[in-house]
Structure formats: structure tokens, C-alpha cells
Amino acid sequence: MRELVVLLFLLLSPAYSIDPPEIEWEVLYGYSFNCVRETSDGNLILTGWRQYNYPRTIFLYSTDGTKIWESSVYPDNAVSRAVVETPDGGFVATGYGVPEAGSTHYSLSLYKISAEGDAIWSKLYMLPDGVRGYGNNLTLLPDGGMAVCGRKDPPEGMDQAWILRTDSQGDTLWTREWGDIYVDRAADILYHDGGILAFMRGRKPGGNYGVFLVRYSLSGDFEWEASFPEWPGVYPDAQAMCEASDGGLLLMDNYWPEIFHTDYLGNPDWVTWPPGVDQPYGYSLSTTMDGGILYGGEIKGEPDSKSVCGVIARFDSNGNELWSDFIYNSSCDAISSAIQLSQGGYVAAGYAYSSGTGNQGYIVKYAPELGIEGPDPTTSLSLEVSPNPCSSSLSVSFNLPEAGNASIRIFDLSGRLVSTVTDGEFPTGSNTVEW
């Protein structure tokens with residue numbers, strides 16, 4: 001069993017706007033980047049792709065912008081959409097590829113590589129009768145398997161949302177289709193409380209087009225779905241989902257995006273709008289270590305500058321914008337993925353275009369904010385954790401200067417909520433809880 005290193009951060013979210021943090025470095029590379037994550041040893045794992053018979057590729061970069069290795073699996077017409085680190089230190093990615101050179105029968109792909117970038121196994125999930133398959137995202141499950149979301153594309157050109165569950169070797173346990181055969185897709189997926197949540201776009205037979213939250217059991221049984229008939233988007237198009245730091249979910253659509261905060265049943269309680277001048281597109285949504293939100297996307301029509309650029313924005317836990325940056329550097333066109341790093345600062349990845357070089361992958365590293373400061377230790381929680389690292393149990397001791405509510409949550413390096421250790425009233429002085 002791998003040990004868990006617990007990182008505790010005591011940060012306050014200001015109720016005012018601050019300047020974007022300083023850019024520390026930028027990297028251009030010959031692939032478009034779709035996804036960036038931080039690894040358990042502090043490096044950056046990314047997926048990338050190039051058009052016209054170039055391979056689907058995973059990259060490992062250090063946090064100073066130096067490429068460590070790149071790993072290609074299928075040689076033809078392949079795209080990597082998302083990647084996650086596995087408990088054994090390897091990586092699993094999904095996307096789509098073709099079984100042989102020259103084929104147009106795209107199939108959902110899932111493949112695993114080692115920590116050194118060596119291929120361990122790869123799968124193409126072929127569908128009958130000319131139906132193509134595409135993978136959008138994946139999540140790890142407690143048994144070591146994966147749940148993958150995507151879509152099926154029949155020859156008649158109308159898509160259907162698709163959920164796939166596999167074992168730890170990528171072998172299929174079950175698949176499920178959702179919605180009418182229209183323009184449906186399963187955009188994002190996560191594991192929560194013994195089940196699988198999928199964020200969908202599409203329509204049910206006889207119903208209206210929109211966005212939906214759908215839950216399945218781990219055995220593939222449909223449990224419930226929530227629709228959002230009042231979603232205010234110009235064109236509701238499910239894009240990204242993550243767990244909110246204060247409990248519940250954050251849901252975002254793609255075109256003129258909105259970010260909704262809901263409970264785990266999909267009941268919304270507030271909404272916020274990312275920045276954009278004209279025709280904004282939202283691609284990435286993640287949480288920060290102080291409970292805030294990080295957004296990545298693109299805008300079109302920024303006045304007095306190039307017509308398209310990438311954008312990254314930071315919100316507090318209530319959806320109030322703290323800062324945003326419209327990235328015209330290095331001809332950045334879009335930010336596909338953005339995360340906060342465990343040591344502070346941010347990394348965002350996407351693509352850039354120039355007339356001389358065409359499309360290139362783009363990575364940018366931001367320093368930590370100067371305007372978000374730690375709390376006064378005389379008026380804030382003091383915390384101690386033991387053992388750290390831990391493999392099975394954890395003791396958290398904290399001191400309260402006065403009686404009140406204490407909430408302690410565990411997050412992984414990608415900012416996803418792992419567990420709520422405690423959330424309740426505690427007396428003045430020393431307290432201890434076990435996880």
C-alpha cells in the first residue's frame with residue numbers, strides 16, 4: 001500500500017480582487033496539451049496530441065519547465081484527452097485512436113504506462129457496425145479499476161453518451177448508454193460515496209436538450225438523474241465537474257460558461273460567470289487548497305489585441321472572482337487545463353498558434369499570489385498530524401482559541417476532496433480526531 005503524505009494549508013480567501021500572480025516561465029512544444037496534473041513526487045504529467053498521423057503522447061515535465069520524458073502508444077491519428085496517476089506510481093490515460101493506419105474507425109482508448117513512461121498495456125474498445133467511440137475523462141475506483149466517460153458516434157452522425165467501467169487491467173466490466181441518440185456525450189466523471197457520478201449533455205427520448213447529472217452504482221445500476229431546466233447558458237453543454245472544497249459539486253458548461261455549485265444530488269445553490277469579452281469557452285475547472293476555484297478557457301474578441309487568447313481565473317469558495325489573466329503571451333489561444341500546485345503557484349496548459357509554426361502546446365507556470373496571506377496564528381486553528389506520511393490511519397490534533405466550528409478535509413494533489421475528517425462544533429483548547 002502506498003503511503004499518503006498529508007499536506008495542511010491554512011489560507012484565507014480575500015473578499016477583494018488582486019492582481020494576477022507573476023508568470024515564472026512558459027514552454028512551447030510541438031503538441032497541443034489537453035490535460036495537466038501534478039504527480040505525487042511533484043512533477044507535471046500532461047497529455048498531448050498532434051494532427052495528421054502523429055501519435056497520442058503523455059509527457060512528464062518538472063515544475064521548472066524541463067521535459068523529463070514523453071511516451072507514445074498508438075502511432076496513427078490518436079488523441080489523449082485525460083490522464084490520472086495510479087497508486088503504484090504509473091499513469092492511465094483515455095482518449096481515442098484507430099486500430100490501424102489509414103482507418104477512420106475511431107475507438108475509445110485506455111492505456112497504462114509506468115512512472116518511467118514505458119507502455120504496460122493498451123486497449124481499444126471497438127464498437128460494431130461502424131460506430132465510433134471517444135473517451136473524454138476517467139476516474140479511479142477503490143478496487144483499482146477505472147470508470148471512463150465519453151460518447152458513441154454512429155454512422156448517421158448522432159451521438160450517445162457512454163459510460164465504461166473496467167478492472168485494473170482495462171478489461172471491460174460493464175458499459176452503459178444514456179440519453180437519446182442525438183448530440184449527447186458524457187463530459188466528466190467522478191467517484192463519490194460508493195457510486196459513479198457522470199456529467200452529461202443531451203436529451204432523454206421525447207425530452208428537451210440540456211445538461212444532466214446522472215448516478216450509477218458500481219455494479220452499473222442506474223440510480224437517479226438530475227436535470228437543470230433553468231440552466232442560464234446560451235447553449236447548455238456539459239464540460240467539467242469537480243468536488244467543491246466545502247462539500248457538493250462544481251459543474252460548468254462550455255460555451256459562454258457558467259459555474260454552478262450544487263449538492264451531491266444536483267440541487268444548485270449559487271452560480272458564477274467566468275470572465276470573457278466575447279464568445280468565451282470554458283474548458284477546465286478545479287479547486288484550490290484554500291477552498292477556492294480555478295478556471296481555464298479561452299475568449300474571442302478581446303479589444304485592441306489579438307482576437308483569441310487563453311484565460312485563467314481564480315475564485316474564492318463562494319464564486320467571487322479574485323483575479324484573472326488573459327494570456328496573450330506566446331500567442332496562447334486557449335487554456336485546456338489548470339491546477340494549483342501543492343507547493344503553491346499554478347500551472348496551466350493548452351495550445352498556441354502562430355502563422356510561422358502553426359499549433360503548438362503551451363504550458364505556463366504562475367508564482368503564488370502575493371495578495372492572499374496566511375491567517376494570524378493567535379486567532380486561527382493550529383494543527384498537528386501524525387504519523388505523516390501515513391499508510392492506514394491518521395491523528396489530527398488542533399487547538400481552538402475559542403469554542404466554534406472546525407472543519408478538517410483531506411485533498412489529493414489534484415485538489416479533489418478525499419475525505420471530510422470532521423465538521424462540527426468543538427470546545428476551546430486542544431482537540432483530536434482520527435481518520
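The following exercises, each with a worked solution, concern a predicted model of one protein.

**Exercise 1. State how confident the prediction is overall, and locate stretches where the pLDDT is below 50.**

Solution. Begin with the average: the protein has a mean pLDDT of 83. Next, take the share of residues that score at least 70, which is 78%. Then turn to the stretches of low confidence. Residues 1-16 have a pLDDT below 50, and this stretch makes 46 contacts in the model beyond its near neighbours in sequence. Residues 373-381 also have a pLDDT below 50, with 14 contacts in the model beyond near neighbours in sequence.

**Exercise 2. Describe the protein as a whole: how many helices and strands does it have, and what percentage of its residues is buried?**

Solution. First, count the secondary structure elements: there are 0 helices and 33 strands. Second, consider burial. The protein has 435 residues, and buried residues make up 54% of them. Third, consider the surface, whose accessible area comes to about 18000 Å². Carbon and sulfur atoms contribute 48% of that surface. Finally, look at contacts between residues with a separation of 6 or more: 48% of these join residues 24 or more positions apart.

**Exercise 3. Work out the strand order of the open sheet that contains strands 2 and 5, and identify its edge strands.**

Solution. Step one is the order. This open sheet has 4 strands, arranged 2-3-4-5 with antiparallel pairing. Step two is the edges. Strand 2 (32-38) and strand 5 (67-72) each pair on one side only, which makes them the edge strands. Step three is the twist, which averages 20° from one strand to the next.

**Exercise 4. Trace the pairing of strand 3 with strand 2 and with strand 4, and decide whether strand 3 is enclosed or open to the surroundings.**

Solution. Start on the side of strand 2. Strands 2 and 3 run antiparallel and are joined by 6 bridges. Within this pairing, Arg37 has Ile45 of strand 3 as its bridge partner. The two strands form a hairpin with 5 residues between them, and Gly42 in the turn has a positive phi of about 90°.

Continue on the side of strand 4. Strand 3 (residues 44-49) pairs with strand 4 (residues 57-61) in the antiparallel sense, over 5 bridges. Here Ile45 has Leu60 as its bridge partner, and Leu46 stands opposite Phe59. Ile45 is therefore a bridge partner of both Arg37 in strand 2 and Leu60 in strand 4.

Conclude with burial. Because 5 of its 6 residues are buried, strand 3 is largely enclosed by the rest of the structure.

**Exercise 5. Apply the approach of Exercise 3 to the open sheet with the order 6-7-8-9.**

Solution. This sheet has 4 strands with antiparallel pairing. Its edge strands are strand 6 (79-85) and strand 9, each of which pairs on one side only. The twist from one strand to the next averages 15°. For the detail of one pair, take strand 6 and strand 7 (residues 91-97), which run antiparallel and are joined by 6 bridges. Val79 stands opposite Tyr96 of strand 7.

**Exercise 6. Characterise the surroundings of Arg201: is it buried or exposed, and which residue's side chain does it join in a polar contact?**

Solution. First, place the residue: Arg201 belongs to strand 15 (residues 195-202). Second, classify it. Its relative accessible area is 15%, and since buried means under 20%, Arg201 is buried. Third, examine its side chain, which is joined to that of Asp237 by a polar contact of 3.0 Å. Fourth, list its neighbours, leaving out residues up to four places away in sequence. Arg201 touches several residues, among them Trp178, Tyr209, Val211 and Ala238.

**Exercise 7. Asp129 and Trp256 each have a positive phi. Where does each residue lie, and how accessible is each?**

Solution. Take Asp129 first. Although not a glycine, Asp129 has a positive phi of about 60°. It lies in the loop between strand 9 (119-125) and strand 10 (132-140). With a relative accessible area of 70%, Asp129 is exposed.

Now take Trp256. Its phi is positive at about 45°, although Trp256 is not a glycine either. The loop that holds Trp256 runs between strand 19 (249-255) and strand 20 (259-262). Trp256 has a relative accessible area of 28% and is partly exposed.

Conventions:
Residues are numbered from 1 along each chain as its sequence is written. This is a predicted model: local features need pLDDT of at least 70, side-chain atom pairs count only at pLDDT 80 or more; totals for chains, interfaces and linings use all residues. Side-chain values use heavy atoms; hydrogens and water are left out. pLDDT is the predictor's confidence in each residue, from 0 to 100. Contact means heavy atoms within 4.5 Å. Two strands pair if DSSP finds at least two bridges between them. Axes are lines fitted to C-alpha atoms, for helices over the stretch in contact, and angles run from 0 to 180 degrees between N-to-C directions. Buried means under 20% relative accessible area, exposed over 50%, partly exposed in between (1.4 Å probe, protein chains only). A polar contact is a pair of N or O atoms within 3.5 Å; within protein, one must be able to donate a hydrogen and the other to accept it, and residues adjacent in sequence count only if both atoms are side-chain atoms. Accessible areas come from the Shrake-Rupley method with a 1.4 Å probe; for residues, only the protein chains shown count as cover.
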